[in-house]
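Thanks for coming, everyone. Let's walk through one structure together and stop at a handful of residues on the way.

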2 protein chains.
Amino acid sequence: MANIQDVAKKAGVSVATVSRVLNNHSSVTEKTRIKVEKVISELSYEPSMLGRNLRTSESKLLLVLLPSVSNPYYTEIINGIEETAIRNGYNILLCETDSNPERESRYFSLVKNRMADGIISMDPAVNKERLFELAKTYPIVQCSEYDKGADIPFVTINSELAAYHAVKHLIKLGHKKIALLTSDEQFLYARERRLGYERALREFDIEVNKQRIYYAGNIGFENGQQGMRSLLELDDRPTAVFAVSDILAIGALKEINSNGLRVPNDIAIVGFDKISFSNMTYPTLTTIAQPMYRMGSMSATMLINKIQGKHVESIVMDHELVIREST
Amino acid sequence: MANIQDVAKKAGVSVATVSRVLNNHSSVTEKTRIKVEKVISELSYEPSMLGRNLRTSESKLLLVLLPSVSNPYYTEIINGIEETAIRNGYNILLCETDSNPERESRYFSLVKNRMADGIISMDPAVNKERLFELAKTYPIVQCSEYDKGADIPFVTINSELAAYHAVKHLIKLGHKKIALLTSDEQFLYARERRLGYERALREFDIEVNKQRIYYAGNIGFENGQQGMRSLLELDDRPTAVFAVSDILAIGALKEINSNGLRVPNDIAIVGFDKISFSNMTYPTLTTIAQPMYRMGSMSATMLINKIQGKHVESIVMDHELVIREST
DNA sequence: TAATATTTTGTAAACGATTACATATTTTAT
DNA sequence: ATAAAATATGTAATCGTTTACAAAATATTA
């Protein structure tokens, strides 16, 4: 495996010149550049990132922290991150925390030991305290989930408003008995979406009935099924459901189907996230679309800027209500 | 940011000793080890991977090549890879090719320039020629998709046999008009699954009717819908469909539902892959389960062994027919 | 106790690039 | 043709580790 010395020797120039050719400095004369490039291709030399990284003390790696790659919610965000990263000469280190503190801490040390240049955190279950501490020293941005007080730039949507839109849509369709299928309120988005739900109801003088709010312990498909089951058992069955995630909504949908009821005729459903599967269901799901790709791409841009020492501002992006067959 | 020199100086030892403590060499005396560890924690020193990587000329990064992270087929495999990687001190670089040769070539160069120690390729659309060439110099294993002639170790299942089992299951249920919903035969798995389909039919003296085989140009959900649509238009409509992937099957399912037909009463469906969504559909999907997690974990182990210069053998893993509501 | 064997520590050279700074070369002006 | 300015190249230090090898400290043996 040839190194820069070999190239320099064979081309009859110094390593500095080879390095200049590699980084196309303007000061290299056309003639020597050609000469060096010829040798480079003859030896099929590839500059070692290891050497370069040590010297420039950067790894050109962005650490992306998320609970699980199997959650389709993240896929488009990841695409956005990766595309932007690559365009800027970075690669991404996808790290699943599984909400496991031990793993998380292992990933955190990747940035401490210079294996990664910065972090995009998408894990709602991240240890905030440690994250804030880390953010004092290392470039970090949060995507989708964020913390208001913290000094960490984030990109997100207005969850409260999105939920408000979703529920208002159901109200406009004539629904009055609207259930909320949400998750544990330890997560900010769950609290905000409940607030939006309640605001829409109040605005149309519909009483907020605690019985119609189901808090799923987890955000899996089965939780959606189970939540829907208990909502169906209510004496005064809801005619519509707003689920704070598509996965919950799909669980609800399946439970409704299994009970011989029809969507949207018997019960309408609105989900949240517009994951790819939300239009593969029967019927397709009305849902709130977040600009996933752009969120990912923007957070990568923000992180790279932060790595380069620039100041970056948090961003709240637009959402969109996508009306499909389930309402 | 403290470096090894700072630690050495403050602890009153040489950098060599600090390094030995870091890598817990046995030759370090208890007393000095304690002393050094104390300083390490006082300075909250973290050894730089950049320095270490250059010196040992390894990056401790495994490159995982796949067409798209949004394909749920890969998620469990990735989990398996990542878990095993971490256990062995590696991290993974998830790389989406999007079947884009330019991206692919950029990723290939990551291993050439020592940014990654080896490759797990899961991309069926990978440029074989370049992959084989690369495999002469760098550690590579293939997961799921593979090439028979090539000198690259792989882990996969017996697709032909799995397809045979799937179709036999349909035949046992009394079906005779069984359609095949498959993808472009440039991919080995598609060819093998068709062979298994045909073998099962022949074994039960059912004629292979070319009209009942639909070749989808792509493997997306819409292709499944479209394929099913054209199968439904046949004069002699099939009573069962074997789809070579769950996504295609889910597309077919939706198309069937949209036409007011019932699964499995009117048409039975068998999918392939047991992606997580295959039990969120209504009805749930009968499918072939591949041992995804184990396949991922095994390919990581194989790659790491290969990196360490050991000889590794290819493996064919077991599959399982998971019978659910759609048949 | 002295000589030897063993264990622990230190010195200094890698690893492969980048980049101030110094020097050599070419261009421009006179 | 010569001096000055501008451009191109080279020298050598540096990034932060690991690790042969040398040296020092300790343990063992006679």
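One term before we start: a strand here is a DSSP run of E, at least two residues long, numbered from the N terminus. And one caution: this is a predicted model.

With that term in hand, look at A:Cys95. It sits in strand S2 of chain A, which covers residues 91–96. Is A:Cys95 buried or exposed? A:Cys95 is buried, because its relative accessible area is 1% and the cut-off for buried is under 20%. What does A:Cys95 touch, once we set aside neighbours within four places in sequence? In its own chain, the contacts are A:Leu63, A:Val64, A:Leu65, A:Leu66 and A:Tyr107. From the other chain comes B:Glu82. For a sense of distance, take A:Thr137. That residue is 42 places from A:Cys95 in sequence, and the C-alpha atoms are 20 Å apart.

Now step back to chain A as a whole. How many helices and strands does chain A have? There are 12 helices and 12 strands. The radius of gyration is 25 Å, and the globule rule gives 20 Å for 327 residues, so chain A is more spread out than a compact globule. The box tells you the dimensions. Along the principal axes, the C-alpha atoms of chain A fill roughly 90 × 40 × 30 Å.

What about the inside and the outside? Of the 327 residues in chain A, 58% are buried. The exposed area of chain A is about 14,000 Å². Carbon and sulfur atoms account for 46% of that area. Next, contacts along the sequence. Take the contacts in chain A between residues at least 6 apart: 70% of them join residues at least 24 apart. On charge, chain A has 39 positive and 40 negative. The mean positions of those two sets lie 6 Å apart.

On to the pair of chains. How does chain A lie on chain B? Turn it by 180°, shift it 0.1 Å along the axis, and the RMSD is 0.1 Å. That is the relation of a two-fold axis. The same surface serves both copies, with 98% of the contact residues of chain A recurring in chain B. Which residue of chain A comes closest to the rotation axis? A:Leu93 does, with its C-alpha at 2.6 Å.

Stay with contacts across the chains and go to B:Thr75. B:Thr75 is in helix H5 of chain B, residues 75–87. B:Thr75 is buried, at 9% relative accessible area. Leave out neighbours within four places in sequence, and B:Thr75 is in contact with A:Val69 and A:Ser70. Now compare sequence and space. B:Thr75 and B:Ile275 are 200 residues apart in sequence, yet their C-alpha atoms are 8.6 Å apart.

B:Leu22 is another one to look at. You will find it in helix H2 of chain B, residues 15–22. B:Leu22 has 25% relative accessibility, so it counts as partly exposed. Beyond residues up to four places away, B:Leu22 touches B:Ile4, B:Ile40, B:Tyr45, B:Pro47 and B:Arg52. B:Glu198 is 176 residues along the chain from B:Leu22, and their C-alpha atoms are 60 Å apart.

Last topic: backbone details. Start with cis peptide bonds. One joins A:Tyr282 and A:Pro283, with omega about -5°. A:Pro283 is in the loop between strand S9 (268–273) and strand S10 (286–289) of chain A. Another joins B:Val263 and B:Pro264, with omega about 5°. B:Pro264 is in the loop between helix H11 (246–258) and strand S9 (268–273) of chain B.

Then there is positive phi. A:Asp273 is not a glycine, yet its phi is about 125°. A:Asp273 is in strand S9 of chain A. A:Asp273 is buried, at 7% relative accessible area. B:Ser57 also has a positive phi, near 40°, and is a residue other than glycine. Where is B:Ser57? B:Ser57 is in the loop between helix H4 (49–56) and strand S1 (61–66) of chain B. B:Ser57 is exposed, with a relative accessible area of 53%.

That's my tour. Over to you for questions.

Key. Residues are numbered from 1 along each chain as its sequence is written. Chains are lettered from A and ligands numbered from 1 in the order in which they are written. This is a predicted model: local features need pLDDT of at least 70, side-chain atom pairs count only at pLDDT 80 or more; totals for chains, interfaces and linings use all residues. Side-chain values use heavy atoms; hydrogens and water are left out. Helices (H or I, at least four residues) and strands (E, at least two) are DSSP runs, numbered from the N terminus. The radius of gyration is taken over C-alpha atoms; the globule rule is 2.2 Å times the number of residues to the power 0.38. Buried means under 20% relative accessible area, exposed over 50%, partly exposed in between (1.4 Å probe, protein chains only). Contact means heavy atoms within 4.5 Å. Accessible areas come from the Shrake-Rupley method with a 1.4 Å probe; for residues, only the protein chains shown count as cover. Lys and Arg count as positive and Asp and Glu as negative; His and the chain ends are not counted. The place of a charge is taken as NZ of Lys, CZ of Arg, CG of Asp or CD of Glu. Copies are superposed by least squares on the C-alpha atoms of residues with pLDDT of at least 70 in both.
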